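Visitor: I would like a close look at one part of this structure, with the residues around it put in context. Please take it step by step.

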Amino acid sequence: MHANVGDKLLVHGRTVGHHDRVAEVVEVLGEHGGPPFRVRFEDGHETVMSPGPDTVVRPHEPVA
């Protein structure tokens with residue numbers, strides 16, 4: 001998995017009742033854009049994560 005600062009990670013809920021969550025990559029800690037990533041979720045919570053197969057990277061789209 002490869003991500004850049006500003007990209008969004010869509011983490012799919014894995015069980016009934018757990019919704020998808022979106023986190024913004026605020027720092028890439030791995031080599032060559034790889035995990036782990038420091039991310040900030042929509043509620044302001046920050047954590048370091050190594051995303052699994054239930055996560056999709058949505059590239060950052062700069063404002064024109």
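What follows is a request about one strand and its surroundings, and then a connected answer.

Visitor: Please look closely at strand β1 (8–11) and the segment just before it. Which strands pair with β1, and what does aspartate 7 touch?

Guide: The model is a predicted one. I will begin with the sheet and then move to single residues.

The sheet is open and has 5 strands, in the order β4-β3-β2-β1-β5, with antiparallel pairing. β4 (46–49) and β5 are the edge strands; each has a single partner, so one side of each has no neighbour in the sheet. From one strand to the next the twist averages 35°. Strand β1 pairs with β2 in the antiparallel sense over 4 bridges. With β5, β1 is also antiparallel, again through 4 bridges. Further along, β2 and β3 are antiparallel and share 5 bridges; in that part of the sheet, valine 28 stands opposite phenylalanine 37 of β3.

Aspartate 7 sits in the segment before β1. Its side chain is charged, and aspartate 7 is buried, yet it has no salt bridge. The nearest side chain of opposite charge belongs to lysine 8, at 9.4 Å. What the side chain of aspartate 7 does reach is backbone: the nitrogen of asparagine 4 is 2.8 Å away. A second backbone nitrogen, that of histidine 60, also lies 2.8 Å from a polar atom of the aspartate 7 side chain. Leaving out residues up to four places away in sequence, aspartate 7 touches Ala23, Glu24 and Val25, as well as Val57, Arg58, Pro59 and His60. Glu24 in that list belongs to strand β2 (residues 21–28), and Arg58 belongs to strand β5 (residues 55–58).

Lysine 8 is in strand β1. In β5, the bridge partner of lysine 8 is arginine 58. Lysine 8 has a relative accessible area of 35% and is therefore partly exposed. Its side chain forms a salt bridge with glutamate 24, with the closest N and O atoms 3.8 Å apart. This pair links distant parts of the chain, since glutamate 24 is in strand β2 and lysine 8 in strand β1, 16 residues apart. Glutamate 24 counts as partly exposed because its relative accessibility is 29%. In general terms, side chains of opposite charge can pair when their charged atoms come close.

Leucine 10 lies further along in strand β1. Leucine 10 counts as buried because its relative accessibility is 11%. Its bridge partner in β2 is valine 22. Apart from residues up to four places away in sequence, leucine 10 touches Asp20, Arg21 and Val22, together with Asp54, Thr55, Val56 and Arg58. The C-alpha atoms of leucine 10 and glutamate 24 are 9.0 Å apart, with the two positions 14 residues apart in sequence numbering.

Threonine 55 gives the view from strand β5 (residues 55–58). Its relative accessibility is 8%, so threonine 55 counts as buried. Its side chain makes a polar contact of 3.5 Å with the side chain of aspartate 54. Apart from neighbours within four places in sequence, threonine 55 is in contact with Met1, Leu9, Leu10 and Val11.

The salt bridge of lysine 8 can be set beside the others. A search of the whole structure finds 3 salt bridges. Another joins arginine 38 and glutamate 27, with 3.1 Å between the closest N and O atoms. Here too the pair links distant parts of the chain: arginine 38 is in strand β3 (residues 37–41) and glutamate 27 in strand β2, 11 residues apart. Arginine 38 is partly exposed because its relative accessible area is 30%, and glutamate 27 is partly exposed because its relative accessibility is 33%. Arginine 40 and glutamate 46 form a salt bridge as well, the closest N and O atoms being 2.8 Å apart. Arginine 40, with a relative accessible area of 36%, is partly exposed; glutamate 46 is partly exposed, also with 36%.

To return to the request, β1 pairs with β2 and with β5. Just before β1, aspartate 7 is buried without a salt bridge, and its side chain reaches the backbone nitrogen of asparagine 4.

Conventions:
Residues numbered from 1 in each chain as written. Predicted model: local features only at pLDDT ≥ 70, side-chain atom pairs only at ≥ 80, totals over all residues. Heavy atoms only, no water. Helix = DSSP H or I, 4+ residues; strand = E, 2+ residues; numbered from the N terminus. Buried < 20%, exposed > 50% of the residue type's maximum accessible area, 1.4 Å probe, protein only. Lys, Arg positive; Asp, Glu negative; His and termini not counted. Salt bridge = Lys/Arg side-chain N within 4 Å of Asp/Glu carboxyl O. Polar contact = N/O pair within 3.5 Å; in protein donor to acceptor, adjacent residues only side chain to side chain. Contact = heavy atoms within 4.5 Å. Pairing = 2+ DSSP bridges. Axes fitted to C-alpha atoms, helices over the stretch in contact; angles between N-to-C directions.
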